[in-house]
Amino acid sequence: MDAPFYWIPFFPLLGFLINGLIGLRRFSNRAVHAVAVAAVGLSFLTALWSCGALLAAGNVAGEKVLFTWIPANLIHLADQVSGASFQIAFAFRFDALTAVMCLVVTGVGLLIHIYSIGYMAHDKSYARFFAYLNLFTAAMLVLVLGANLAVMFIGWEGVGLCSYLLIGFWFTKDSAAQAGKKAFITNRIGDFGFLLGAGLLLWFLGTMDFNAIAAGVTQGLLTKSVATAAALLLFLGATGKSAQLPLYTWLPDAMEGPTPVSALIHAATMVTAGVYMVARLNVLFTFSGTALTVVALTGGLTACYAATMGLVQFDIKRVLAYSTISQIGYMFLGLGVGAYSAGIFHLMTHAFFKSLLFLAAGSVIHALSGEQDMRRMGGLRRRIPQTYVVFLIGAIAIAGLPPFAGFFSKDEILAAAFASGQYTAWALGMVGALMTAFYMFRLIFMTFFGPERMTHEVAYHIHESPRIMLRPLQILAGLSLIGGWVGLPAVLQGGAWFGRFLAPVTGHHAVHLSHGLELGLMVASIGVALAGIAAAYYIYVRKDGQPARAFAAGLQPLYTLVQNKYYVDELYNNVIVGGCKRLGILFARFDLGIIDGVVNGAAWLTRLVSKLSILFDGSVVDGAVNGVAHVHQRYGRMLRRLQSGYLYNYALAVVLGMVLLISFVLIY
């Protein structure tokens, strides 16, 4: 394959360095966004060039080793002598799966960069914002281009860092700062699982290269238990990055960031990283079997669970946030039933319509001077008709009505689930589809239909977004309409081109259903979507929301439970966060009371013994020594007097001595 695909992440990285180091102080806003948009535009053109070269090469992947990153030796703990040398190359790989991801990241990312020119025009941190967007794009491209888990992990952590920076972009706002920290910490939990899973594969296979891992699994170098453990640990990382149960709580709070951030990170790219990783390691997950079932059930449950919360939210961006969690669940459901190409197909179409919906929501918020509560909207289809049209296209696409993009990808997942015999997963998908259609058109009807409910001041200033914001919306609307046609199934006289393009990477997954049954499943899927739309129309247009209010009043405990997100945040805060804090306090008290007490007690005892030792040494030992010296000194002075040096004194002493001696003899 003759294409410089390894240059794709370089351009946005260069844009980040230019705007981050120079643009912050020296560039005008026009120069800043020119650099940022040009960087992503060059990446997009390089990705198109590389994709064309891939097709010209017969869909044969290309790989580029930039340098040897980690040369090392593995020494088995059980045998300190034997070991195996291995190396991790900083290498990029470009195949069909990478091509799809690169085109999505750079193509949708380019449109979001252009949209941001208008949306962030008056922000004082304009250069910082575009620098962060470029850095995120570069990190995401490293993630999808990495030829091994180690290089992928660089991008994996890079998008986590950028998520923190962009969610908390308006860091002077406490809720934004807290949301950024929450996203960062929650993702670290999943990343720990990713590292453990990668470590298991490295230990048992001696490699992190994707091709080598697939070859090792195929050759039977892994037992099923080890493969399942590694796959589940890696999937834990995916649940964190892609906001699935149980690590989904960061994504709704991430709406505190600017709306283009929501579109780029939390609709089109970052949250799909986990989906991409599972698809990339499809051989490992398929071999495990158990891990694949866990993926399917997690995806199906998350799709329905998140959809229930989307039914009762009033913040326009939070509705879309729960919709994102639900749609990512759909992707995992597709992966979990073995339809890897269907999961990636939905990833692509979701990038089109969800980015469109987020950016259109930004256009609504822009028109309403920052208002996000749908209860203070209404009647906007007459005020901002262009935004209304593109928003409606996005809503139809996500609801899954033909011929819009979401229909083809959603239907392929549901058909694959039914054909694989996983009827529970299929039923969860159908229920999720019903709720998706309902809450999306609830959003449409509350925002664009009915009487105007905003204040007079806000109503006076309502205006359509500028062209720089509307053009990306119109392009995304076109993609949301025709983007699914590349996956037109055989039952609709299509060639399922998308699945065949991905087959060298994901394997070919044929849906073994009769044409009649497959068409029947399509009709059922369409009927479910129409039922959801009809219910939303009846409740929020014909009855002006009265049935919803009556339902909320009649089932107040249930409604409160769902509206408060099942109190999962409170549960996590009290049990996990609070538990960790209480455990920390307990450890601190143990450290202060026991550990420090023992240390301080030992120090006090040492000081006491030292004082007693000093007292004994000074009073007894030194006293005895000094006493002996004193006695010797005293008697020495007395004896010194006898040594006068005069002869008559000595003669007198001799005479006295003789007298005493004679007296003693005479007496005794």
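These are my notebook entries on two residues and one helix that I looked up in a predicted model.

**Entry on S242**

I began with S242, which I found in the loop between α8 (224-241) and α9 (250-253). Its relative accessibility is 1%, and because buried means under 20%, I noted S242 as buried. I then followed the side chain of S242 and saw that it reaches the backbone oxygen of V271 at 2.5 Å. Setting aside neighbours within four places in sequence, I listed the contacts of S242 as V271, T272, A273, G274, V275, I328 and F332, so that V271 appears in my notes both as a contact and as the residue whose backbone oxygen the side chain reaches.

**Entry on α6**

Next I checked the length of helix α6, residues 174-205, whose 32 residues should span 46 Å at 1.5 Å a residue; the end C-alpha atoms are 46 Å apart, which agrees. I also recorded a bend of about 25° in α6 at I189. Just after α6 I came to G206, which takes a positive phi of about 70°.

**Entry on G299**

Last I looked up G299, which lies in helix α13, residues 290-310. Its relative accessibility is 0%, and therefore G299 counts as buried. Not counting residues up to four places away in sequence, G299 touches Q244, G329, Y330, F332 and L333; F332 is also among the contacts I had listed for S242. For a distance across the model I took G299 and Y119, which are 180 residues apart in sequence and, C-alpha to C-alpha, 33 Å apart in space.

How values were computed. Residues are numbered from 1 along each chain as its sequence is written. This is a predicted model: local features need pLDDT of at least 70, side-chain atom pairs count only at pLDDT 80 or more; totals for chains, interfaces and linings use all residues. Side-chain values use heavy atoms; hydrogens and water are left out. Helices (H or I, at least four residues) and strands (E, at least two) are DSSP runs, numbered from the N terminus. Buried means under 20% relative accessible area, exposed over 50%, partly exposed in between (1.4 Å probe, protein chains only). A polar contact is a pair of N or O atoms within 3.5 Å; within protein, one must be able to donate a hydrogen and the other to accept it, and residues adjacent in sequence count only if both atoms are side-chain atoms. Contact means heavy atoms within 4.5 Å. The expected span of a helix is 1.5 Å times one less than its number of residues. The bend at a residue is the angle between axes fitted to the seven residues ending there and the seven starting there.
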